[in-house]
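Trainee: I should like to learn how to read the packing of a helical model. Could we take the features one at a time?

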Amino acid sequence: VVVLGVACACYGDMTYSSVGFIVTVSCVFLAAAKVIASGEMLTGELKMHPVDLLSQMAPLALLQCSLFSLITGEMSSIASRWTTDLSPFVNPQPFVVVLLSGIASFTLNISSLYANKLTSPLTLCIAANVKQVIMIAASTILFETPISFLNGLGILIVLSGSFWYSYLSLMEKLQSGN
């Protein structure tokens, strides 16, 4: 139900390209795999603390980001602009933005891992879908973008589906507690 709602909410928002589709599908599968794997490491046999798990995942993420930034030419672009635009001694703003982004990312990852430890991968995936739909709704209001009936219906379906899932999860917990 939630996936159908997300599809309706996003319908017509994007232009299609094969590369974009492949990247999007890959990201969805990798995100789901990350949530499932981290959930297993947090609650399974290892029972890792979220900070310990993040300290194990961060070097791999750095390697991945570095590799992709090399492939796409981002590193060479930064290096060529370092002395004129990006050095903290020339312009402190980029450094402050990167620093604040790092702090926000660390906070988000720790929060996500704690949530994964306390809930389930499915709950986090549904929450991510709700977040996406709320972002669509908020940006529609903020930028005064008209939405179609189908988009509005998709937003309502996602929110109703997530409410339904939350209700069923709560009922299941209450029944198992009795």
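The dialogue below takes up cores, helix pairs, single residues and backbone angles in turn.

Mentor: Please keep in mind throughout that this is a predicted model.

Trainee: Let us begin with the interior. Which residues form the largest nonpolar core?

Mentor: The general idea comes first. In soluble globular proteins, nonpolar side chains tend to be buried together. In this structure, the largest nonpolar core has 10 residues: Val2, Val6, Ala9, Cys10, Ile126, Val130, Val133, Ile136, Ile155 and Val158. Helix H1 (2-10), helix H6 (121-142) and helix H7 (149-177) are the elements that each give two or more residues to this core. A second core, separate from that one, consists of six residues, among them Leu42, Leu53, Ile110 and Leu113.

Trainee: Within the largest core, what does Val133 touch?

Mentor: Leaving aside residues up to four places away in sequence, Val133 is in contact with Val6, Ala9, Ile155 and Val158.

Trainee: How should I read a pair of packed helices, and what are the values for H1 and H6?

Mentor: Two packed helices are described by the angle between their axes and the distance between the axes. For H1 and H6 the angle is about 25°, and the axes lie 10 Å apart. Angles under 35 degrees count as roughly parallel, so H1 and H6 are roughly parallel to each other. The crossing of H1 past H6 is left-handed. On the H1 side the contact is made by Val2, Val6, Ala9 and Cys10, which meet Asn129, Val133 and Ile136 in H6. By class, the residues of this contact are six nonpolar, one polar and no charged.

Trainee: What angle and axis distance describe the packing of H3 and H5?

Mentor: Helix H3 (residues 50-72) packs with H5 at an angle of about 125°, and their axes are 9 Å apart. H3 and H5 are therefore oblique to each other. Here H3 passes H5 in a right-handed crossing. The residues Pro50, Val51, Leu53 and Leu54 of H3 meet Phe106, Asn109, Ile110, Leu113, Tyr114 and Lys117 of H5. The contact of H3 with H5 comprises eight nonpolar residues, one polar and one charged.

Trainee: Now to single residues. Is Asn116 buried or exposed?

Mentor: The quantity to read is the relative accessible area, and buried means under 20%. Asn116, which is placed in helix H5 (residues 92-118), has a value of 3% and is therefore buried. Its contacts, not counting residues up to four places away in sequence, are Val35, Ser38, Gly39, Leu42, Pro121 and Leu124.

Trainee: What is the relative accessible area of Leu99?

Mentor: Leu99, also found in helix H5, has a relative accessible area of 45% and is partly exposed. The C-alpha atoms of Leu99 and Ala33 are separated by 28 Å, and the two residues are 66 apart along the chain.

Trainee: Finally, the backbone. What sign of phi does Lys47 have?

Mentor: Most residues other than glycine have a negative phi, and most peptide bonds are trans. Lys47 has a positive phi of about 45°, although it is not a glycine. Lys47 lies in the loop between helix H2 (18-43) and H3, and with a relative accessible area of 57% it is exposed.

Trainee: Where is Glu144 found?

Mentor: Glu144 is in the loop between H6 and H7. Glu144 is not a glycine, yet its phi is positive, at about 55°. With a relative accessibility of 70%, Glu144 counts as exposed.

Technical notes
Residues are numbered from 1 along each chain as its sequence is written. This is a predicted model: local features need pLDDT of at least 70, side-chain atom pairs count only at pLDDT 80 or more; totals for chains, interfaces and linings use all residues. Side-chain values use heavy atoms; hydrogens and water are left out. A nonpolar core is a set of buried Ala, Val, Leu, Ile, Met, Phe, Trp, Tyr and Cys residues joined through side-chain atoms within 4.5 Å. Buried means under 20% relative accessible area, exposed over 50%, partly exposed in between (1.4 Å probe, protein chains only). Helices (H or I, at least four residues) and strands (E, at least two) are DSSP runs, numbered from the N terminus. Contact means heavy atoms within 4.5 Å. Axes are lines fitted to C-alpha atoms, for helices over the stretch in contact, and angles run from 0 to 180 degrees between N-to-C directions. Angles under 35 degrees count as roughly parallel, over 145 as roughly antiparallel, 65 to 115 as roughly perpendicular and the rest as oblique. A crossing is left-handed if the near helix is turned anticlockwise from the far one by less than a right angle, and right-handed if clockwise. Ala, Val, Leu, Ile, Met, Phe, Trp, Tyr, Cys and Pro count as nonpolar, Asp, Glu, Lys and Arg as charged, and the others, Gly among them, as polar.
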